[in-house]
Amino acid sequence: EGGLVESGGGLVQSGGSLSLACVVSGITFRDYDMSWVRQPPGMSLEWVSGITADGKHTYYRDSVKGRFTISRDNAKSTLYLQMDRLDDDDTAVYYCAAGRSTIPSAVVVRRDFPYWGQGTRVDVSE
């Protein structure tokens with residue numbers, strides 16, 4: 001049928017690293033700006049990082065700058081997020097989302113993106 005499928009989540013110790021991937025189908029991946037959005041336990045959705053369709057521009061929320069790296073491989077229809085020096089504030093369900101590379105709004109809502117993955121859980125232990 002198609003869609004967006006994240007992988008790579010899991011349990012990691014504080015200070016550790018984790019790599020996420022999102023395989024995209026059902027849409028022309030190379031035509032879409034992409035973002036990673038996360039939802040900490042009991043909290044609202046927050047935008048994490050974005051990348052333009054051509055991969056030439058990347059964007060990050062302040063709290064992950066210097067620690068996270070977003071990238072994409074259009075030939076493989078795959079979006080990536082490399083996360084380094086993780087801390088407990090990074091614990092969340094991480095979603096890939098298609099349609100935007102930045103979010104001007106203070107709060108992310110599902111309507112901000114036309115396409116979402118199912119999410120992959122990242123748990124950072126103290």
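Let's start with disulfides. How many does a search of the whole structure find? One. Keep in mind that this is a predicted model. A disulfide is a covalent bond between the sulfur atoms of two cysteines. Here the two cysteines are Cys22 and Cys96, and their sulfur atoms sit 1.9 Å apart. Look along the S-S bond: the angle about it is 50°, and the link of Cys22 and Cys96 is right-handed.

Where are these cysteines in the chain? Cys22 lies in strand β3, residues 18-25, and Cys96 lies in strand β9. That is 74 residues apart in sequence, so the disulfide ties together distant stretches of sequence. Now, buried or exposed? Cys22 is buried, at a relative accessible area of 0%. Cys96 is buried too, also with 0%.

Next, the sheet that holds β3. Strands of a sheet pair through backbone hydrogen bonds, either parallel or antiparallel. This sheet is open and has four strands. Read them across in the order β1-β3-β8-β7. The pairing is antiparallel. Which strands are at the edges? They are β1, residues 3-7, and β7, and each of them pairs on one side only. Neighbouring strands of the sheet are turned against each other by 15° on average, direction ignored.

Zoom in on β7 and β8. They run antiparallel, and six bridges join them. Pick out one residue, Ser71: its bridge partner in β8 is Tyr80.

On to salt bridges. The structure holds six of them. Find Asp90 first. Arg38 forms a salt bridge with Asp90, with 3.0 Å between the closest N and O atoms. Arg38 is in strand β4, residues 34-39, while Asp90 is in the loop between β8, residues 78-83, and β9. The two are 52 residues apart in sequence, so this pair also ties together separate parts of the chain. How accessible is Arg38? Its relative accessibility is 3%, so Arg38 counts as buried. Asp90 has 1%, so Asp90 is buried as well.

Asp90 has another partner. Arg67 forms a salt bridge with Asp90, and here the closest N and O atoms are 2.8 Å apart. Arg67 sits in the loop between β6, residues 58-60, and β7, residues 68-73. Asp90, in the loop between β8 and β9, is 23 residues away in sequence, and the pair links distant parts of the chain. Both Arg67 and Asp90 are buried.

Now step back from the single pairs. Arg38, Glu46, Arg61, Arg67 and Asp90 are linked in a network of salt bridges.

Here is another salt bridge to look at. The side chains of Lys76 and Asp73 meet at 3.4 Å, N to O. What about accessibility at each end? Lys76 is exposed, because its relative accessible area of 55% is above the 50% cut-off. Asp73 has 24%, so Asp73 counts as partly exposed.

Last topic: aromatic rings. A pair of aromatic rings is described by the distance of the centres and the angle of the planes. How many aromatic pairs are there? The count is three. Take Tyr95 and Trp116. Their ring centres are 5.9 Å apart. Their planes meet at 85°, so the pair is edge-to-face. Tyr95 lies in strand β9, residues 92-98, and Trp116 in strand β10, residues 115-116. They are 21 residues apart in sequence, so the pair ties together two parts of the chain. Both ends are buried: Tyr95 has 10% relative accessibility, and Trp116 has 16%.

Trp116 takes part in another pair, this time with Phe113. That pair is edge-to-face too, at 5.3 Å centre to centre and 80° between the planes. Phe113 is buried, and so is Trp116. Put the rings together, and Tyr95, Phe113 and Trp116 form one aromatic cluster.

One more residue belongs in this picture: Arg110. Where does its charged end sit? It sits over the ring of Tyr95, 4.6 Å from the ring centre. Arg110 also lies over the face of Trp116, at 4.3 Å from that ring centre.

To recap, we saw one disulfide, six salt bridges and three aromatic pairs. Thanks, everyone.

Definitions and conventions
Residues numbered from 1 in each chain as written. Predicted model: local features only at pLDDT ≥ 70, side-chain atom pairs only at ≥ 80, totals over all residues. Heavy atoms only, no water. Phe/Tyr/Trp six-rings, centres within 6.5 Å; stacked < 30°, edge-to-face > 60°. Buried < 20%, exposed > 50% of the residue type's maximum accessible area, 1.4 Å probe, protein only. Lys NZ or Arg CZ within 6 Å of the ring centre and 35° of its normal. Salt bridge = Lys/Arg side-chain N within 4 Å of Asp/Glu carboxyl O. Disulfide = S-S within 2.5 Å. Pairing = 2+ DSSP bridges. Axes fitted to C-alpha atoms, helices over the stretch in contact; angles between N-to-C directions.
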